Amino acid sequence: DPAIIFDLGGKFDKSFNEAAYNGATRWAEETGNSFAEVELQSDAQREQALRRFAEAGSNPIVMAGFAFGNALGEVAGDYPDTSFVIIDMVVDAPNVRSVVFNEHEGSYLVGYMAAQTSKTNTVGFIGGMDIPLIRKFACGYAQGAKAANPDTTVISNMTGTTGAAWNDPVKGGELTRAQISQGADVVYAAAGGTGIGVLQTAADEGILSIGVDSNQNYLHPGKVLTSMQKRVDNAVYNAMMDGPGLETGLLVMGLGNDGVGYTLDEHNEALISDEMKATVDAVAEKIVAGEIEVHDYMSDETCPSLTF
Amino acid sequence: MEYLTVLQILDSGLRLATPLLFACLAGLFSERAGIFDIGLEGKMLISAFFSAATAFSTGSVWLGLLAGIASSLVLSGIHGLASITFRGNQLISGVAINFLASGLTVLIGLSWFKLGGQTPALQGNARFQSIDLPLADSLSGVPILGPLYSEVLSGHTFLVYIALLCVPLTWYILFRTRFGLRLRAVGENPAAVDTAGVSVVGLRYAAVAICGVLCGLAGAYLATGLGASFVKEMTAGRGFIALAALIFAKWRPWYALYATMLFGLLEAISNRYPSLDLGIVTLPSQFMQALPYILTVVILAGFVGKATPPRAGGEPYVKER
Amino acid sequence: MQANKDISIRVMPGTIHGIIGENGAGKSTLMSILYGFYKADKGEIYIAGTKTSIPDSQAAIAAGIGMVFQHFKLVQNFTVLENVILGAEDGALLGPSLTKARKELTALAAEYELNVDPDAVIQDIGVGMQQRVEILKALYRQADILILDEPTGVLTPAEADQLFRILHRLKDEGKTIILITHKLREIMEATDTVSVMRRGEMTATVKTSETSPEHLAELMVGRKVLLRVDKKPAQPGEKVLEVENLKVVDSKGVVRVKGISFEVRAGEILGIAGVAGNGQSELLEVLGGMRTGTGTIRVNGQEIDLSGKHSDARSRRERGIAHVPEDRQREGLIMDFKAWENIAFGYHDDVKYQSGLLMNNTAIRKDAEGKIERFDVRPANCDLEAKSFSGGNQQKIVLAREIERDPDLLLVGQPTRGVDIGAIEFIHQQIVALRDKGKAILLVSVELEEILSLSDRVAVIFDGQLMGERLPAETDEKELGLMMAGMTSEPDGPVHKAVEAQLAHVHGKAP
Amino acid sequence: MEQLPKWADLVVVPLVGLIMAFVLSMLMVLVTGHDPIQALKLMVSGALGSTYGWGYTLYYATNFIFTGLAVAVAFHASLFNIGGEGQAAIGGLGVALVCLFIPWPHWTIALLAASASAAVFGALWALIPAYLQAKRGSHIVITTIMFNFIAASLLNYVLVNQLRPRGSMDPATAKFPEATHLPSLGDMLGAVGIPFAKGTPANVSLFVALAACVFVYYLIWRTRLGYQLRAFGKSQPAAVYAGINPVKITIITMMISGALAGLMAINNVMGEAERLILGSVEGAGFIGIAVALMGRSHPIGILFAALLFGALYQGGAELGLWTSIPRELVIVIQALVILFTGALDNMVRLMVAKVLIRPKRAEA
Ligand SMILES: Nc1ncnc2c1ncn2[C@@H]1O[C@H](COP(=O)(O)OP(=O)(O)OP(=O)(O)O)[C@@H](O)[C@H]1O
Ligand SMILES: Nc1ncnc2c1ncn2[C@@H]1O[C@H](COP(=O)(O)OP(=O)(O)OP(=O)(O)O)[C@@H](O)[C@H]1O
Ligand SMILES: [Mg+2]
Ligand SMILES: [Mg+2]
């Protein structure tokens with residue numbers, strides 16, 4: 001049986017881990033099989049969980065989060081017959097599949113849409129903590145927004161510096177209000193549980209918000225412009241489907257292979273005109289074709305369109 | 001800085017200060033009666049959960065509020081049992097209560113809503129709506145004060161006004177009523193109360209219960225006033241900040257208002273200026289996020305003298321000759 | 001253990017009934033039971049002939065019993081008025097209660113000469129005033145039976161006189177008073193009957209008029225007690241302590257000591273008399289290194305620092321100054337430390353208590369055992385915590401520690417406060433013995449009797465200044481009492497009124 | 001209240017409290033629809049039933065010993081150090097700097113240097129609150145809470161902007177060089193022929209923690225400093241009377257406390273993660289408060305309390321691995337253990353006294 005290890009945020013974090021969980025349950029429902037799972041409480045448990053599952057015969061073992069990189073690096077060699085799948089990080093080992101997402105591309109798209117929708121030419125970004133991954137989101141978003149309308153101002157906030165930063169909807173809401181008072185009328189949240197507060201406040205205050213990771217459009221129908229979906233669920237689902245002998249190596253999931261993208265469903269269709277959809281889809285195609293180059297913050301750790 | 005920006009920051013500061021104010025006054029009642037309480041955080045958290053859960057299930061934010069208060073009171077009861085009846089260590093009891101709330105909220109949330117410990121989002125009557133104060137619109141034209149009234153004071157939820165009312169009320173109860181006199185006395189010298197023929201235990205339980213009610217209000221405000229659902233650990237350390245504010249305020253009601261407002265304002269300012277470009281250097285966001293805490297230390301060291309806690313605080317009462 | 005064993009006591013209405021006994025005899029315990037503060041395991045209480053059960057203080061108050069505890073039960077940061085009404089308020093709101101109490105207080109004050117400022121905060125007023133508040137509390141609750149546990153322990157003679165005047169007046173009103181005290185003089189002067197307790201038992205009850213102090217002392221301690229200090233005339237030697245123009249300002253900016261000068265020679269005891277709060281505590285604290293001051297102080301001819309790094313208590317000890325502080329429980333001892341640990345307290349730097357990096361606990365314990373034995377501390381158990389000794393024995397621990405250091409100068413504050421006569425005798429003997437070894441002793445006490453009997457010279461301090469010096473043989477309590485109130489000549493009218501007025505005057509100047 | 005014999009007070013009372021906490025916890029397991037007996041077995045055997053379990057239990061315990069001692073030392077001087085969290089985090093920074101930028105020939109020397117650095121960094125982080133308390137009377141509880149937040153921000157900045165290797169996603173330093181890797185308990189015991197599970201994080205720091213216990217014992221009860229510190233904690237006026245400088249004692253005590261908290265970093269940062277990550281302290285600073293209080297501020301008590309919490313952590317991890325019991329249940333169990341062995345201990349004592357003393361009376 002496969003196993004999945006969730007990061008410290010827990011499997012119900014309303015975004016990243018939850019997407020992974022959804023992928024796994026979808027697999028379980030479709031195949032009727034079961035999987036082992038664990039939510040970590042401590043950093044020391046990363047290696048522990050990997051080893052315990054490997055020793056118990058779980059295969060493949062999927063782990064959600066860049067923080068597993070080190071632990072997996074240590075462990076992978078000890079269990080050559082077990083396949084590992086790590087998401088959001090590259091680990092170079094023969095029995096590891098590394099799945100990374102082009103979050104910047106997806107963020108570029110939703111940034112583009114945000115700027116198109118904005119009447120005030122001001123859009124906001126609210127991140128959980130100031131870490132490279134979140135900068136990657138923010139940077140793509142800002143670039144997209146400026147591409148749609150060079151006059152756009154992008155306001156960016158980080159929630160905090162402790163673990164509480166990912167679970168503070170109240171602060172998320174207050175940051176949203178602060179951005180609204182500075183003119184923002186579309187805000188994009190990449191902040192886990194804090195994002196709940198961002199989306200809520202945006203809906204309350206009559207502006208639009210953009211969800212992240214999972215499709216969060218349903219949370220406030222008609223008030224969430226779209227969600228930057230990161231198909232972690234697909235990555236997990238595919239890995240489990242592929243089973244023990246899965247293909248290893250680097251797997252980049254971007255716009256081209258539906259790894260990232262914006263969401264359009266019954267909850268937000270009224271917000272996105274056909275014209276807008278056409279423009280955005282065209283932009284997406286250009287990105288895939290390489291005509292538009294979206295700057296990846298991680299490539300050189302700079303962000304031309306936003307200062308942190 | 002423009003006046004409007006100032007107003008917006010004040011407005012945000014007031015919202016952020018409200019839960020701190022409730023919790024700070026809660027701590028004030030408890031500690032004035034001689035019972036230290038580092039479990040404010042836990043009581044807020046459990047109330048946040050039960051108020052959101054009940055409001056969602058019943059569709060009534062008022063029932064939610066009651067449930068939040070009731071749950072906070074249960075934890076208060078445990079604290080009272082440990083620290084009053086069984087004369088245990090008040091700090092340990094507080095620590096235990098924080099853990100208990102942190103675990104129980106998610107555990108119960110998981111089994112009730114299957115949403116990973118969160119509650120579903122509250123809508124309509126299941127949450128507090130903002131209230132426009134009378135004449136807010138017509139007065140907004142008055143220069144300076146008008147906008148202050150309509151932008152900052154008006155347009156908050158019911159609980160914000162309750163919190164503000166709690167300040168004079170607390171002052172009145174403490175300094176103008178028999179109960180307040182006895183409560184302050186029991187935190188200073190329980191033996192004096194005991195020999196005067198008044199029950200020390202009864203008074204302390206009453207204080208702890210009031211603390212529970214106020215923490216309940218704080219939690220309910222977080223989940224049903226400011227936010228619209230419960231998210232695990234959503235108190236995010238506010239109970240500890242309230243405790244700091246309490247010491248800052250030297251255990252006095254009006255100062256509690258000022259101290260919590262200061263915390264609220266500092267946070268609002270750092271929200272508004274995620275990173276500050278000073279021309280020569282740009283202060284990084286981490287610095288701006290730490291700024292409220294740094295300033296607190298500076299203010300504390302520079303302007304607030306020594307704070308003397310209630311003399312009998314933290315010590316269980318044992319009769320002695 | 002049993003604190004009270006099969007005690008029967010009968011107190012007649014309209015009398016003052018004294019109770020005496022050694023420290024730990026069970027006096028306070030008995031009275032606490034009467035006041036419903038403790039429960040007796042068995043026994044019955046009759047008030048005015050009817051059996052009354054007193055499960056708690058509420059019941060005691062209802063039965064007309066009022067109690068002034070040895071350690072006052074006042075809320076330090078409350079006003080007098082607030083303390084008086086606490087627990088006896090009339091309604092849920094304070095306002096009316098306060099107004100009523102203010103009126104009542106004025107009436108009581110007029111009736112019994114119990115003047116206090118109703119708006120003064122307890123921590124700002126002297127102990128004498130605090131005691132009046134305690135009495136007022138009882139009267140406000142309309143007590144018919146008033147129990148006072150060691151009420152004069154901390155009072156000055158003038159204050160004590162005033163208290164007894166009040167008590168007599170109350171007695172004349174028909175109230176019943178139970179008075180616990182260690183001072184036989186008070187028993188003789190104030191009471192109608194007296195009961196003696198020993199080790200939890202009531203050993204005797206006698207009419208005061210039919211007994212004598214010596215007899216009572218013997219009943220109490222079980223042996224003959226020397227009630228007077230037996231000492232030879234002093235043989236003053238070199239100047240050990242010279243104080244010139246010493247000024248002390250407290251943390252609130254109030255000048256407590258206003259430029260005083262005096263000297264103490266080897267082999268003599270200088271007693272400083274004065275009403276508490278007139279600067280004598282600050283004087284001792286500066287000399288003991290607990291406070292800073294300005295002026296010049298020489299010890300054995302060498303000047304000592306009054307501020308800065310070398311003005312702390314450690315430096316003082318290095319200069320041969322030992323200090324028995326006024327408040328043994330707050331300062332002189334760590335109440336939670338074992339007796340042996342307390343023996344090293346203040347001298348913990350002593351090389352003979354060290355072995356390498358660590359403290360040599362065996363050495364300290366051995367040292368402590370010797371001291372405790374020589375000073376007859378009871379129980380002679382080094383491993384008991386200081387708090388489980390009685391006041392008298394706690395004081396013996398402090399004295400043992402300080403006197404056995406053989407200091408050049410011993411500072412002693414209130415050496416026998418709250419201590420029973422057996423222990424007083426012993427403590428006085430030890431102080432005189434040190435003097436006879438040629439050491440200088442500075443004694444501060446509010447107890448005039450003690451000052452007069454111990455000192456070789458007496459100085460009176462008033463309002464931070466020395467009013468003058470007298471030889472004990474050439475003065476009396478009356479003269480000293482006047483000087484303590486800042487007066488040099490006999491006033492017109494009643495003395496106590498003039499004293500009170502004078503003190504109030506000073507109090508107004510330096511709150 | 002009746003006086004219990006010492007052995008009953010030290011052994012029976014905590015044990016009964018523990019049992020009560022577990023009975024309640026297992027009731028909760030039952031209510032949430034799981035098998036309590038299996039859960040209990042899993043927890044106990046997972047934590048203590050194998051050297052593998054011990055390897056983790058001892059690792060967590062090591063953390064808690066350090067933070068528990070830190071809180072305890074301050075407690076003896078009547079100072080409430082809530083800042084263990086921040087001091088341990090900054091201690092981690094000290095370890096990281098030493099390990100990353102100085103080439104060490106051997107782990108022993110690296111450990112010494114890292115310990116010193118961790119202690120110094122932790123002590124310095126406690127210095128400002130201590131100074132403000134001593135000189136300005138600023139309440140140490142507030143300042144240490146504030147310094148926890150400030151430490152988090154500082155660390156966030158340093159890790160994201162300064163120490164993170166270029167191109168790395170993880171807000172963490174690079175891995176420390178091989179020469180600084182500490183031998184694990186498994187390696188060490190293996191070398192002397194005792195079989196012990198490999199790959200568990202307990203490492204040589206455990207012995208440093210044990211040494212710290214001994215150090216604290218001697219410091220508090222056998223040295224002059226400890227004597228002064230305890231006297232100061234019991235009565236400040238008396239301390240002044242005895243010539244003990246309150247400012248000096250406050251600052252020194254808090255620095256020792258901070259140093260002990262900082263030392264924790266050699267276990268989690270140097271011993272386990274072998275790099276500094278964000279949020280590496282994981283609440284151990286707060287657990288330290290509970291550990292110190294439950295251990296009655298005595299090193300031996302702290303040792304046992306730390307072991308208990310270590311076992312709870314590891315037992316909880318096993319629950320998470322092999323059952324679908326939510327991890328929050330472990331938090332509830334911790335809460336109940338703290339409640340019954342720490343706060344309601346008098347209630348338990350009363351119950352034990354009823355059972356132990358009544359029959360004795362009947363005999364007499
Ligand atoms: N609740 C109690 N538990 C244990 N021992 C007690 C208790 N109450 C009183 N005792 C003991 O009873 C004895 C009497 O104490 P009490 O305070 O009544 O003495 P006292 O006569 O008032 O002494 P003093 O003159 O010092 O005031 C003491 O030895 C004390 O140890
Ligand atoms: N908590 C206690 N438990 C048991 N015995 C006590 C306790 N406190 C005091 N005692 C005992 O009670 C007796 C009297 O104590 P008390 O405090 O009244 O002493 P004291 O001589 O009046 O001293 P002081 O004047 O300083 O109060 C002593 O024998 C002491 O050992
Ligand atoms: Mg007594
Ligand atoms: Mg007594």
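**Asking how the labels were earned**

Visitor: An oxygen atom of ligand 2 is 2.8 Å from a polar backbone atom of G391(C); what makes this a polar contact?

Guide: A polar contact is a pair of N or O atoms within 3.5 Å, and inside protein one must be able to donate a hydrogen and the other to accept it, with sequence-adjacent residues counting only if both atoms are side-chain atoms. At 2.8 Å the pair falls within 3.5 Å, so it qualifies. An oxygen atom of ligand 2 is also 2.7 Å from a polar backbone atom of S388(C), and a polar side-chain atom of Q329(C) lies 3.2 Å from an oxygen atom of ligand 2.

Please keep in mind that this is a predicted model, where local features need pLDDT of at least 70 and side-chain atom pairs pLDDT 80 or more, while totals for chains, interfaces and linings use all residues. Residues are numbered from 1 along each chain as written, chains are lettered from A and ligands numbered from 1 in the order written, and side-chain values use heavy atoms, without hydrogens and water.

Visitor: How many residues surround ligand 2, and between which chains does it lie?

Guide: Ligand 2 lies between chains B and C, and 11 residues surround it, N23(C) and H71(C) being among the closest; a residue is near if one of its heavy atoms lies within 4 Å.

Visitor: What makes S28(C) and Q70(C) donors to the magnesium ion (ligand 3)?

Guide: Donors are N, O and S atoms within 2.8 Å of the metal (3.2 Å for Na, K and Ca), and since water is not among the atoms, sites may look incomplete. S28(C), through OG, and Q70(C), through OE1, coordinate this ion at 1.8 to 2.7 Å, so both meet the limit. The two residues are 42 apart along the chain, S28(C) in helix α1 and Q70(C) in the loop between β4 and α3; helices (H or I, at least four residues) and strands (E, at least two) are DSSP runs, numbered from the N terminus.

Visitor: Is S28(C) buried or exposed, and what of Q70(C)?

Guide: Buried means under 20% relative accessible area, exposed over 50%, and partly exposed in between, with a 1.4 Å probe and protein chains only. S28(C), at 14%, is therefore buried, whereas Q70(C), at 28%, is partly exposed.

Visitor: How do you know that β9 and β12 of chain C pair?

Guide: Pairing requires at least two bridges found by DSSP; five join these antiparallel strands, so they pair.
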